[in-house]
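Biologist: Before we begin, I should like to see the structure and to ask about the terms used to describe it.

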Amino acid sequence: MTDDLMTIREMCDAFEVTPRTLRFYESKELLFPLREGQKRLFTRRDRARLKLILRGKRFGFSLEEIRQLLSLYDAGDQQLTQLTRTYQIAQERLADMISQRDELDEAIEELKEQLKWGADMIASLQNPPKAAQ
């Protein structure tokens, strides 16, 4: 069984997170490492949960949403409830992300127009038209 366990340092190296991050996730009841005195040992289940946590964060899920989804794993219905709820939240998140992207695209176009206007103004002020003689 010891082959299945990882220390906090090994977890940090494997997942590119800090010890503080792992302790934070533990305090938020997202991870449940085994304890040997002050030493934390992470199981395969902890590693799977951390992968899901990091993926959820990347997609913009809140830690509370992630915690609730992870808690549905043991619902006793072969993960149907967990998968269904995850799918619903992911659809909502995707819609939010598309909306944000559309807003960002619009803001980028507006900023490009303003920059063009600014460049034209600077050019006209640096090179004023010469008066007809």
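**Terms and their grounds**

Modeller: Y25 is buried, with a relative accessible area of 5%. Please bear in mind that this is a predicted model.

Biologist: Why is Y25 called buried?

Modeller: Buried means under 20% relative accessible area. Y25 has 5%, so Y25 is buried. F24 has 38%, which lies between 20% and 50%, so F24 is partly exposed.

Biologist: What makes F24 and Y25 an aromatic pair, and why is the pair called tilted?

Modeller: Ring centres must lie within 6.5 Å, and those of F24 and Y25 are 6.1 Å apart. Their planes stand at 50 degrees, neither under 30 nor over 60, so the pair is tilted. A search of the whole structure finds 1 aromatic pair.

Biologist: How do you know that E26 and R40 form a salt bridge?

Modeller: The cut-off is 4 Å between the side-chain nitrogen and the carboxyl oxygen. The closest N and O atoms of E26 and R40 are 2.5 Å apart, so the pair qualifies. E26 lies in helix 2 and R40 in strand 3, so the salt bridge ties together parts that are 14 residues apart in sequence. E26, at 18%, and R40, at 17%, are both under 20%, so both count as buried. E26, R35 and R40 are linked in a network of salt bridges.

Biologist: Why is R44, the salt-bridge partner of D4, called exposed?

Modeller: Exposed means over 50%, and R44 has 56%, so R44 is exposed. D4, at 27%, is partly exposed.

Notes. Residues are numbered from 1 along each chain as its sequence is written. This is a predicted model: local features need pLDDT of at least 70, side-chain atom pairs count only at pLDDT 80 or more; totals for chains, interfaces and linings use all residues. Side-chain values use heavy atoms; hydrogens and water are left out. Rings of Phe, Tyr and Trp (its six-membered ring) pair if their centres lie within 6.5 Å; planes under 30 degrees apart count as stacked, over 60 as edge-to-face and the rest as tilted. Buried means under 20% relative accessible area, exposed over 50%, partly exposed in between (1.4 Å probe, protein chains only). Helices (H or I, at least four residues) and strands (E, at least two) are DSSP runs, numbered from the N terminus.
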